[in-house]
Amino acid sequence: MKLRVHFLIWFFIAIPKLYAANLPDDAWRKIRAGEIWVRELAAPTAPTRQFEAVALTQANVAEFERVLLDFSRYPQFMPHVTRVTIVRQTTQQTELEYSLGLPLGITKKYRLAMTHRTLKNGFELAWRKIAWPGLEDAESIRDTQGVWRVTVDTQRGDQVLVDYIVATDPGDIPFGVGWVADMLSKQSVPEVVEKTRARVVQQRGARK
């Protein structure tokens with residue numbers, strides 16, 4: 001329990017300092033060219049792994065915000081998400097139950113607390129894993145938390161800068177399927193951003 005508390009403190013102190021910070025020039029060239037730039041960040045303990053993905057999207061903040069706050073429709077575009085149930089909701093926080101469908105019939109479930117915060121030039125949507133009473137450890141992952149930060153691109157007002165940071169500890173993985181851990185962390189990071197960006201563009205076109 002003490003380790004988890006330390007992890008939470010470390011994560012939420014470190015995140016603001018990491019936001020699109022100290023990216024090399026070649027990273028910005030790729031981002032400006034439309035690519036999703038990904039890097040691994042230091043995590044407090046193994047086997048937790050933390051990644052950041054940065055991208056630009058031809059949209060505005062409100063359009064991106066609308067898609068990310070439409071939780072019940074995540075299964076329509078979020079990789080591996082098969083079901084999202086809203087447990088309770090307030091003006092700033094929403095508790096969700098997630099179900100992930102992975103290859104070989106592997107299913108993972110967990111409950112998240114999502115916190116929305118308005119920024120001066122955009123918004124932030126942070127999440128952390130919370131207890132799901134009655135759920136067995138083998139059915140879930142040990143921990144996950146992260147943040148979306150979406151802000152107006154300072155160079156072009158018709159685009160938004162998307163910064164997605166996620167830290168995941170998949171927990172006990174059966175022998176021979178260690179690739180599940182990568183699917184839940186390294187491999188999924190650029191895919192999540194790409195699918196979400198595509199959803200925003202699609203929804204933008206549908207509303208015109």
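Select Phe71, Tyr74, Phe77, Tyr98 and Tyr110 together, and you have one aromatic cluster of this predicted model, where rings of Phe, Tyr and Trp (its six-membered ring) are paired if their centres lie within 6.5 Å. Across the whole structure a search finds 7 aromatic pairs. Now keep Phe71 and Tyr74: their ring centres are 5.7 Å apart and their planes stand at 70 degrees, so this pair is edge-to-face, the class for planes over 60 degrees apart, whereas planes under 30 degrees apart count as stacked and the rest as tilted. Both Phe71 and Tyr74 are buried, a word used here for a relative accessible area under 20%, with exposed meaning over 50% and partly exposed in between (1.4 Å probe, protein chains only).

Next, select Trp148 and Tyr164, an aromatic pair of the tilted kind, with 4.5 Å from centre to centre and 45 degrees between the planes. This pair links distant parts of the chain, since Trp148 sits in strand E7 (residues 143–152) and Tyr164 in strand E8 (residues 160–169), 16 residues apart. Both Trp148 and Tyr164 are buried.

Before going further, note that residues are numbered from 1 along each chain as its sequence is written. In this predicted model local features need pLDDT of at least 70 and side-chain atom pairs count only at pLDDT 80 or more, while totals for chains, interfaces and linings use all residues, and side-chain values use heavy atoms, with hydrogens and water left out.

Zoom out to the whole chain, which has 5 helices and 8 strands; helices (H or I, at least four residues) and strands (E, at least two) are DSSP runs, numbered from the N terminus. Followed along the sequence, the pattern is α-α-β-β-α-β-β-β-β-β-β-α-α. Of the 208 residues in the chain, 48% are buried.

Return to the interior and select Phe64, Leu68, Tyr74, Tyr98 and Trp148, which have the most contacts inside the largest nonpolar core, a set of 34 residues. Such a core consists of buried Ala, Val, Leu, Ile, Met, Phe, Trp, Tyr and Cys residues joined through side-chain atoms within 4.5 Å. Centre the view on Leu68: leaving aside neighbours within four places in sequence, Leu68 is in contact (heavy atoms within 4.5 Å) with Tyr74, Met78, Phe123, Leu125, Trp148, Val150 and Thr196. Apart from the largest core lies another, of 7 residues, including Leu23, Trp37, Leu56 and Leu161.

Helix H3 is the next stop. Of its 8 residues, 6 are buried, so H3 is largely enclosed by the rest of the structure; the buried ones are Val61, Glu63, Phe64, Glu65, Val67 and Leu68. At the N-terminal end of H3, Asn60 acts as a cap, with a side-chain oxygen 3.2 Å from the backbone nitrogen of Ala62.

From Glu65, step across to His116 in strand E5 (residues 107–119), where a polar contact of 2.5 Å joins the two side chains. A polar contact is a pair of N or O atoms within 3.5 Å; within protein, one must be able to donate a hydrogen and the other to accept it, and residues adjacent in sequence count only if both atoms are side-chain atoms. His116 is buried, with a relative accessible area of 16%, and, leaving aside neighbours within four places in sequence, is in contact with Glu65, Leu69, Gln92, Phe123, Glu124 and Leu125.

Now display E5 with its partners, bearing in mind that two strands pair if DSSP finds at least two bridges between them. Strand E4 (residues 93–101) is joined to E5 by 9 bridges and the two run antiparallel, with Gln93 having Thr115 as its bridge partner in E5. The hairpin of E4 and E5 has 5 residues between the strands, and in this hairpin Leu104 takes a positive phi near 65 degrees. E5 also pairs in the antiparallel sense with strand E6 (residues 122–130), over 9 bridges; here Met114 stands opposite Trp127 in E6, and the hairpin of E5 and E6 has 2 residues between the strands.

Finish at strand E2 (residues 49–57), of whose 9 residues 8 are buried, so E2 is largely enclosed by the rest of the structure. Strand E1 (residues 37–41) runs antiparallel to E2 and is joined to it by 5 bridges, with Leu41 opposite Gln50. E2 also pairs with E8 in the antiparallel sense over 9 bridges, and there Ala53 stands opposite Tyr164.
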